[in-house]
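Subject: Structure handover: salt bridges and disulfide

Dear colleague,

Please find below the structure for your consideration. My notes on the side-chain pairings follow directly after it.

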Amino acid sequence: MYETEKEVLMVKEASSIYNSSSAEVIRPLTIDDFDDMPMEPRVELYYGEKIVMEVPKISHQDAVAEILYQTMDFIKKNKGKCKPIVSPAAAQPDVNDDSTVFQPDFMVVCDQDKLKDGRHVIGAPDWVVEVLSPSTRKRDMQVKKEKYLSSGVREYWMVDTEGEVVIIYKGDNPDVSVIRKMSEPIPVGIYDGDLVIDLSSLTTDEDEVESQYTTTAVGVVH
């Protein structure tokens, strides 16, 4: 499935998972268990396993804030119906898999029925953004990418603030990625390019950046 980073949480049956007085059995965690967990530290569920999330860096939050502000401004100006949402809001991207619950850094949901739960997004968001960090890079680029795209996410961005690029996957062509420089305007596919995200304020001089990527308009070379 994937290389686990945490052991399966011991869940206590017939009692809260935090009550150690009950008999212990191993079973995958679900979104119901997720709701019973404390707000801190932030966690996600990966196929029934609990993964604790680290506190993000300021550069991480700067990228999320820029994308949120620009997207909200665009939606308001165009009287759009889609809803931008930031972490710590949670999403169960696959309606048939309640053992996988993510907290995307940023997401846009256009189907209001997916918000009826009132607590979480149930179903695939239209657009998801994850800002890469050393502790989440592997999960974001492998496990999350596969789950998001197979669940119906239309567009998935991975923002690499160190490499100063954005890696983009589309749900209708999940095997092909496009890489854009953060120093250049980046069109959002779910809005047919009418929304363009500008992250140039978060970049340094291009000569100072030693990127591990080669950018192209049609694909990517690592």
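Lys147 is buried in this predicted model, because its relative accessibility of 7% falls under the 20% limit. The side chain of Lys147 meets that of Asp97 in a salt bridge, with an N to O distance of 2.8 Å. Asp97 belongs to the loop between β6 (90–92) and β7 (106–109), whereas Lys147 is part of helix α3 (residues 137–151), so the salt bridge ties together parts that are 50 residues apart in sequence. Asp97 is likewise buried, at a relative accessible area of 11%.

This pair is one of 10 salt bridges that the structure holds. A further salt bridge is formed by the side chains of Arg137 and Asp160, at 3.4 Å from N to O. It links distant parts of the chain, Arg137 being in helix α3 and Asp160 in strand β10 (residues 155–160), 23 residues apart. How do the two partners stand in terms of burial? Asp160 counts as buried, at 1% relative accessibility, while Arg137 counts as partly exposed, at 23%.

Helix α3 also contains both partners of another salt bridge, Lys144 and Asp140. Their closest N and O atoms are 3.6 Å apart. The two residues are separated by 4 positions in the sequence, about one turn of the helix, and both Lys144 and Asp140 are buried. Through salt bridges that share partners, Asp140 and Lys144 are joined with Glu44 and Glu130 into one network.

Turning to covalent links, the structure holds 1 disulfide. The bond joins Cys82 to Cys110, with an S to S distance of 2.0 Å. The link of Cys82 and Cys110 is right-handed, with 105° about the S-S bond. Here too, distant parts of the chain are linked: Cys82 lies in the loop between α2 (58–77) and β5 (83–86), and Cys110 in the loop between β7 and β8 (120–122), 28 residues apart. Are these cysteines buried or partly exposed? Cys82 is buried, with a relative accessible area of 16%, whereas Cys110 counts as partly exposed, at 25% relative accessibility.

With kind regards

How values were computed: Residues numbered from 1 in each chain as written. Predicted model: local features only at pLDDT ≥ 70, side-chain atom pairs only at ≥ 80, totals over all residues. Heavy atoms only, no water. Salt bridge = Lys/Arg side-chain N within 4 Å of Asp/Glu carboxyl O. Buried < 20%, exposed > 50% of the residue type's maximum accessible area, 1.4 Å probe, protein only. Disulfide = S-S within 2.5 Å.
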